Amino acid sequence: MSGNWPQLNTETEAEMQLADALLGKADALLRRHRSSGAAAARQSEKDDLPLLTDVVSEQELAAEKLKPPPGSDAPTPQPTPPPGPEPALLAETLIQLDTDIAREVEVWLATELPQILTRELGGLAERIRVETLAQLRATLLPALSERIASELDKAHTR
């Protein structure tokens with residue numbers, strides 16, 4: 001057989017690579033979050049150094065520069081916390097998203113894979129049939145014709 005398997009079109013291939021990349025990034029983020037939380041807990045148990053967890057935005061830095069010097073009577077503007085979910089909530093959301101994606105992939109495979117396999121196996125069976133007939137015509141028929149001709153020659157010469 002010549003191995004002419006149908007290739008995925010480049011658009012489908014690109015979509016699959018993009019999906020793989022996104023799933024890889026989500027897994028890496030989840031692993032990083034799980035491992036950094038555990039590492040931070042172990043580190044804080046080892047020493048009494050404070051663990052810095054505050055994220056300071058550029059806006060907060062700019063507001064800090066605009067503060068009046070200590071001892072002045074001007075009111076100090078209070079920085080507002082950056083909007084966004086809590087890290088624990090974000091991690092929980094990512095874990096749920098990872099679970100949902102995995103479930104959707106399984107459902108898609110259960111639905112689509114049998115159809116793909118049926119179509120490909122049907123095509124494979126047809127290619128095998130055509131190639132077998134071609135091989136039969138090329139090798140078996142000449143051998144059978146030669147044998148029949150030989151037998152007919154023997155029958156005529158008797």
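Where is the place of I116? Select that residue and you land in helix α3, which spans residues 87–157. Keep in mind as you look around that this is a predicted model.

**The whole view**

Zoom out for a moment. The protein has three helices and zero strands, so from the N terminus on, the elements read α-α-α. Now color by burial: of the 158 residues, just 3% count as buried. Switch on the surface and you're looking at about 14000 Å² of accessible area, with 61% of that belonging to carbon and sulfur atoms.

**A nonpolar patch**

Back to I116. Add V105, W108, L109, L113, L117 and L121 to your selection, and together with I116 they make a nonpolar surface patch of about 610 Å². I116 itself is partly exposed, at 30% relative accessible area.

**Charged pairs along helix α3**

Side chains of opposite charge can pair when their charged atoms come close. The count here is three salt bridges.

- Select R103 and D100: their closest N and O atoms are 3.3 Å apart. The two sit three residues apart in helix α3, which means about one helical turn between them. R103 is partly exposed at 47%, and D100 is partly exposed at 30%.
- Next, pick E126 and R129, where the closest N and O atoms of the salt bridge are 2.7 Å apart. Both lie in helix α3, about one turn from each other.
- Finish at E151 and K154, whose side chains meet in a salt bridge at 3.9 Å, N to O. E151 is partly exposed at 43% relative accessible area, and K154 is also partly exposed, at 43%.

Technical notes:
Residues are numbered from 1 along each chain as its sequence is written. This is a predicted model: local features need pLDDT of at least 70, side-chain atom pairs count only at pLDDT 80 or more; totals for chains, interfaces and linings use all residues. Side-chain values use heavy atoms; hydrogens and water are left out. Helices (H or I, at least four residues) and strands (E, at least two) are DSSP runs, numbered from the N terminus. Buried means under 20% relative accessible area, exposed over 50%, partly exposed in between (1.4 Å probe, protein chains only). Accessible areas come from the Shrake-Rupley method with a 1.4 Å probe; for residues, only the protein chains shown count as cover. Patches are made of residues with over 30% relative accessible area and no salt bridge: like charges are joined within 9 Å, nonpolar side chains (Val, Leu, Ile, Met, Phe, Trp, Tyr) within 5 Å. A salt bridge is a side-chain nitrogen of Lys or Arg within 4 Å of a carboxyl oxygen of Asp or Glu.
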